[in-house]
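Dear colleague,

I am handing over the structure below, and I would be glad if you kept it open while you read the notes that follow it.

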Amino acid sequence: MAYVTKYRANVKVGNWIEDLRLQEDLKKVYLEKTERGELTAQRVDFLKQNILRPVNLTVTNDGRLHFGDVVMLVNMGGEKRQCSSVGINADINSLTKTPLPGIQAPCGVSAGRGIEACTRTAFIITSVDGSPEGSILHYGQSFALRTTSGFAGGLYLTSDLRSFQKCAKKSRLQEVNLDHGGSFLSWWKTVHFAPQERLEYEGQPVPANARVLIMHCKTNQALAVLGDHILWTTYDKEYEITAHTFLDSHKAEQDINHWILCTSDLAGNGLLPLSQPQSTANSKELTQADPVI
């Protein structure tokens with residue numbers, strides 16, 4: 001007996017009505033999310049458009065740092081690291097839409113190799129001891145580093161003693177992140193990078209665009225960038241940031257603890273250390289010329 005085909009190609013068999021309804025529901029959900037901007041690709045684009053928006057850094061006419069200055073924290077690199085800057089390590093899970101779109105706290109930080117002044121990398125030197133805005137920052141004086149207002153949320157660079165539950169993801173050292181408020185955990189101070197000259201510079205004005213150590217006031221640990229601990233972020237592969245003092249054989253802090261609080265050049269064309277490097281000798285002459293206040 002010859003084989004007889006029971007169904008033609010256009011005959012629907014099985015749970016075809018359920019499959020059809022499911023496909024229609026999925027398409028409806030997709031279109032609704034598209035209209036609300038809730039697709040993952042849309043949220044990533046929204047995050048990058050806002051957090052990578054250019055920011056104008058402060059132009060220092062007198063070569064010193066002041067409270068209220070907008071700066072970038074740049075490490076010039078070393079044996080295992082390229083030049084990098086501290087930035088907000090926010091992903092789509094860090095986004096909040098109430099009451100306004102922005103970054104919710106706490107939020108991590110990392111060091112990216114894209115040295116560009118934007119919402120992600122700009123920090124405001126903020127007074128914690130009542131010093132008026134515009135006054136000069138001195139070595140050993142406490143201050144806070146705050147992100148810009150608006151999308152970045154005005155969050156403070158914060159750290160605390162490490163514990164089993166709270167530590168850096170890769171290195172397991174003291175964690176550094178961004179959080180609300182200006183508590184003692186967000187107090188920092190600058191000291192001269194050369195130990196043998198540190199006492200001499202105590203209380204002197206801090207020059208802009210010169211190497212310094214950024215010390216956490218509570219734990220007395222120095223801000224550090226770790227070239228051998230890589231984080232995969234929304235923006236690229238970046239270095240982990242921690243608060244830990246790394247000493248060499250001469251009991252001096254290593255270059256991973258050296259930071260430059262960068263301002264813009266007078267023409268506003270970019271970061272001064274990258275366009276016109278400032279020598280340590282010039283920085284010394286500048287600071288020694290001023291009396292201790």
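Is phenylalanine 46 buried, partly exposed or exposed? The model is a predicted one, and in it phenylalanine 46 has a relative accessibility of 31%, so it counts as partly exposed, the buried class being reserved for values under 20% and the exposed class for values over 50%.

That residue also belongs to the aromatic pairs, of which a search of the whole structure finds three. In one of them, phenylalanine 46 meets phenylalanine 151 in an edge-to-face arrangement, with 6.1 Å from centre to centre and 75° between the planes. The partners come from distant parts of the chain, since phenylalanine 46 belongs to helix α2 (residues 40-51) while phenylalanine 151 is in the loop between β7 (143-147) and β8 (156-159), 105 residues apart. Phenylalanine 151 has a relative accessibility of 9% and therefore counts as buried. Another edge-to-face pair is made by phenylalanine 184 and tryptophan 187, whose ring centres are 5.3 Å apart and whose planes stand at 70°. Here phenylalanine 184, at 40% relative accessibility, counts as partly exposed, and tryptophan 187, with a relative accessible area of 23%, is partly exposed as well.

Rings also take part in contacts with charged groups. The charged end of arginine 120 sits over the ring of tyrosine 235, at 3.9 Å from the ring centre, and the charged end of arginine 211 sits over the ring of phenylalanine 193, at 4.0 Å from the centre of that ring.

As for the chain as a whole, it has five helices and 14 strands, and 45% of its 293 residues count as buried. If one takes the contacts between residues at least 6 apart in sequence, 68% of them join residues at least 24 apart.

Some loop residues deserve a description of their own. Alanine 152 is in the loop between β7 and β8, and because its relative accessibility is 1%, it counts as buried. Once residues up to four places away in sequence are set aside, alanine 152 touches Ile88, Ile103, Thr119 and Thr147. For one of these, threonine 119, the C-alpha atom is separated by 6.6 Å from that of alanine 152, although the two residues are 33 residues apart along the chain.

Alanine 168 is found in the loop between β8 and β9, and its relative accessible area of 4% is why it is classed as buried. Its contacts, leaving aside neighbours within four places in sequence, are with Leu173, Gln174, Glu175, Glu240 and Thr242. The C-alpha atoms of alanine 168 and glutamate 240 are 8.1 Å apart in space, and the residues are 72 residues apart in sequence.

Serine 186 has its place in the loop between β9 (176-179) and β10 (188-192), where it is buried, with a relative accessible area of 0%. What does the side chain of serine 186 reach? It reaches the backbone oxygen of serine 183, at 2.7 Å. Beyond neighbours within four places in sequence, serine 186 is in contact with Phe143, Ala144, Tyr156, Leu157, Thr158 and Gly181.

Threonine 219 lies in the loop between β11 (211-216) and β12 (223-232) and is likewise buried, with a relative accessible area of 12%. Its side chain is joined to that of glutamine 174 by a polar contact of 2.9 Å. Not counting residues up to four places away in sequence, threonine 219 touches Asp160, Leu161 and Gln174.

Finally, there is the question of open space, and of which residues lie nearest the centre of the largest pocket. This pocket holds about 460 Å³ of space, and it is lined by 21 residues, of which Asn89, Gly108, Val109, Lys169 and Leu231 lie nearest its centre. The elements giving two or more residues to the lining are β5 (107-112), β9, β12 and β13 (237-243), and the largest share, three residues, comes from β5.

With best regards

Conventions: Residues numbered from 1 in each chain as written. Predicted model: local features only at pLDDT ≥ 70, side-chain atom pairs only at ≥ 80, totals over all residues. Heavy atoms only, no water. Helix = DSSP H or I, 4+ residues; strand = E, 2+ residues; numbered from the N terminus. Buried < 20%, exposed > 50% of the residue type's maximum accessible area, 1.4 Å probe, protein only. Polar contact = N/O pair within 3.5 Å; in protein donor to acceptor, adjacent residues only side chain to side chain. Contact = heavy atoms within 4.5 Å. Phe/Tyr/Trp six-rings, centres within 6.5 Å; stacked < 30°, edge-to-face > 60°. Lys NZ or Arg CZ within 6 Å of the ring centre and 35° of its normal. 1 Å grid on protein atoms, 1.4 Å probe; cavity = no way out; pocket = protein on both sides within 12 Å on 5 of 7 lines; lining within 4 Å. Points joined across faces, edges and corners; volume = space filled by probe spheres on them.
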